[in-house]
Amino acid sequence: MADTLRKLSKAQARRIAMAAQGFHDPPPKGNVGARHFKRVMDRVGLLQIDSVNVLERSHYLPVFARLGPYDKAALDKYAFGRKPNLFEYWGHVASMMPVEVFPLMRHRMDDPKHRKQKLAATQPKYIQGVLDQVRERGAFSIAEMEDPGDRGGAWWGGGKGKIALEWLFRTGKLTTKQRGTGFARVYDLTERVIPQEHLAVAPPSDEDAQKQLLLLSARHHGIGTASDLADYYRLKIPGSRPLLAQLVDEGALESVEVEGWKGPVYLHPEAKLPRSIHARALLSPFDPIVWHRDRAERLFDFIYRIEIYVPQPKRVYGYYVLPFLLGDTLVGRVDLKADRQTGRLLAQASHFEEGQDPHRVATEMAAELRLMADWLGMNGVVVKAKGNLAPALKAAVD
């Protein structure tokens with residue numbers, strides 16, 4: 001059967017993946033608003049949430065990479081407005097997802113393993129009391145709890161109040177109404193947040209939910225291995241393989257070969273193959289196009305590791321490093337920090353990839369850095385001397 005599979009080059013697979021992720025879409029005309037945010041969410045499916053704020057909250061950055069400058073408050077309103085379009089849950093780790101996906105997360109909320117959580121098993125009355133607080137008082141954060149418990153644990157907010165709220169969140173009884181001061185999650189009853197038309201949908205079986213999530217993964221990736229597709233919504237690979245085979249048998253996915261990739265490889269039937277990609281973007285470490293490091297290496301020949309947790313002397317490229325996309329190629333990377341005291345965007349280290357023209361990379365990166373600095377409300381860009389691109393980038397910025 002392998003001889004009958006359609007064969008694609010690595011370049012074709014890369015263009016399919018980039019188009020699926022929205023990098024072939026036309027730039028917005030006029031003010032960026034709800035229809036543009038919806039288009040991005042249709043492409044990426046979810047925005048990963050991360051606590052690191054050295055540059056900007058991670059969920060804002062993939063939207064900027066695809067739309068350019070936009071009003072972050074408008075995205076907040078789109079996500080958590082009177083009729084929210086997004087909800088938070090554990091998709092690809094902590095994520096913001098379209099409310100239409102809510103029924104597909106119910107199997108995770110109903111997972112029997114939640115009953116084994118120590119506080120839930122030993123202090124059910126306390127947890128019920130927390131739920132009653134939310135029901136009676138309305139939405140609140142951990143800091144506004146009546147009895148949050150001791151916060152002297154391994155991390156701030158590690159007391160029983162936080163544990164209870166997080167358990168109620170994981171089990172679907174509470175969800176995020178909005179993000180408050182310091183990006184703290186503000187919890188409310190799920191039935192008061194999720195629109196009724198999605199809340200009322202009967203949840204599919206565990207197997208059907210996982211199949212639908214794999215199909216969504218294929219839509220968002222365009223093309224991918226079992227590992228790629230399972231990783232998108234953090235499904236287990238062994239259990240995903242037979243479900244992917246079913247989707248191929250049902251005609252929902254096509255099995256193909258890609259030059260240099262170990263099979264099987266799955267192609268979504270609606271995936272587009274553009275003749276070329278003309279993108280320019282700084283990519284968050286948590287952008288779906290690069291978050292699966294093995295896939296990024298297969299697509300772009302780009303070795304990328306996040307070094308946030310690496311001791312400073314052992315870092316190769318820096319603390320918060322963004323790959324730089326130009327056309328359909330990752331041509332460089334830059335370690336960025338928004339210095340809010342001086343109002344400057346700091347390029348703490350900058351590098352170009354082997355074989356790339358440093359002057360071309362520097363010129364294009366400088367333009368993107370200026371755009372990002374304006375979007376973040378910074379007064380300019382400062383290029384530090386570290387990295388093989390630094391001299392050319394400093395000259396291009398200055």
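In this predicted model, strand β1 and strand β8, the latter spanning residues 254-258, run parallel and are joined by 3 bridges. One pair of partners can be named directly, since Leu8 has Val258 of β8 as its bridge partner. The two strands belong to an open sheet of 4 strands, arranged in the order β1-β8-β9-β7 with mixed pairing. The strands β1 (6-8) and β7 stand at its edges with a single partner strand each, so one side of each is left without a neighbour in the sheet. Direction ignored, neighbouring strands of this sheet are turned against each other by 40 degrees on average. Helix α1 packs on the sheet, where it touches β1, β7, β8 and β9 (265-267), and the direction of α1 makes about 85 degrees with that of β1.

Helix α1 (10-20) also appears in the surroundings of another helix, α13, whose buried residues are covered by elements including α1, α10, β7 (223-225), α11 (226-232), β11 (321-327) and β12 (329-339). Helix α13 itself covers residues 293-300 and is mostly covered, with 6 of its 8 residues buried. The buried residues of α13 are Arg293, Arg295, Ala296, Arg298, Leu299 and Phe300. Just after this helix, Asp301 takes a positive phi of about 55 degrees.

A second strand pairing is found between β5 (residues 174-179) and β6, which run antiparallel and are joined by 5 bridges. Within this pairing, Thr176 has Tyr187 of β6 as its bridge partner. The hairpin of β5 and β6 has 5 residues between the strands, and in this hairpin Gly182 takes a positive phi near 65 degrees.

Beyond β6, the loop that leads to α9 (196-199) contains Thr190. Is Thr190 buried or exposed? Thr190 counts as buried because its relative accessibility is 2%, where the cut-off for buried is under 20%. Apart from neighbours within four places in sequence, Thr190 is in contact with Phe102, Gly172, Lys173, Leu174, Thr175 and Leu199.

Thr190 leads on to the empty space inside the model, for it is one of the residues that line the largest cavity, together with Phe87, Glu88, Tyr89, Phe102, Met109, Phe169, Gly172, Leu174 and Thr175. The structure holds 1 cavity of 30 Å³ or more, and about 40 Å³ of space lies in the largest cavity. The elements that give two or more residues to the lining of this cavity are β3, α5 and β5, and β3 gives the most, with 3 residues. By class, the cavity lining has 6 nonpolar, 3 polar and 1 charged residues.

The largest pocket, in turn, has a volume of about 1,300 Å³. Of the 41 residues that line this pocket, Trp90, Val93, Ala94, Glu166 and Arg170 are the closest to its centre. Two or more residues of the pocket lining come from each of β3 (86-91), β4 (93-98), α5 (102-109), α8 (160-170), β6 (185-189) and α10 (206-221). Which of these elements gives the most to the lining of the largest pocket? Helix α8 does, with 5 residues. By class, the pocket lining has 16 nonpolar, 11 polar and 14 charged residues. Two of the elements named for the pocket, β3 and α5, are also among those that give two or more residues to the lining of the largest cavity.

Definitions and conventions. Residues numbered from 1 in each chain as written. Predicted model: local features only at pLDDT ≥ 70, side-chain atom pairs only at ≥ 80, totals over all residues. Heavy atoms only, no water. 1 Å grid on protein atoms, 1.4 Å probe; cavity = no way out; pocket = protein on both sides within 12 Å on 5 of 7 lines; lining within 4 Å. Points joined across faces, edges and corners; volume = space filled by probe spheres on them. Nonpolar A, V, L, I, M, F, W, Y, C, P; charged D, E, K, R; others polar. Pairing = 2+ DSSP bridges. Buried < 20%, exposed > 50% of the residue type's maximum accessible area, 1.4 Å probe, protein only. Contact = heavy atoms within 4.5 Å. Axes fitted to C-alpha atoms, helices over the stretch in contact; angles between N-to-C directions.
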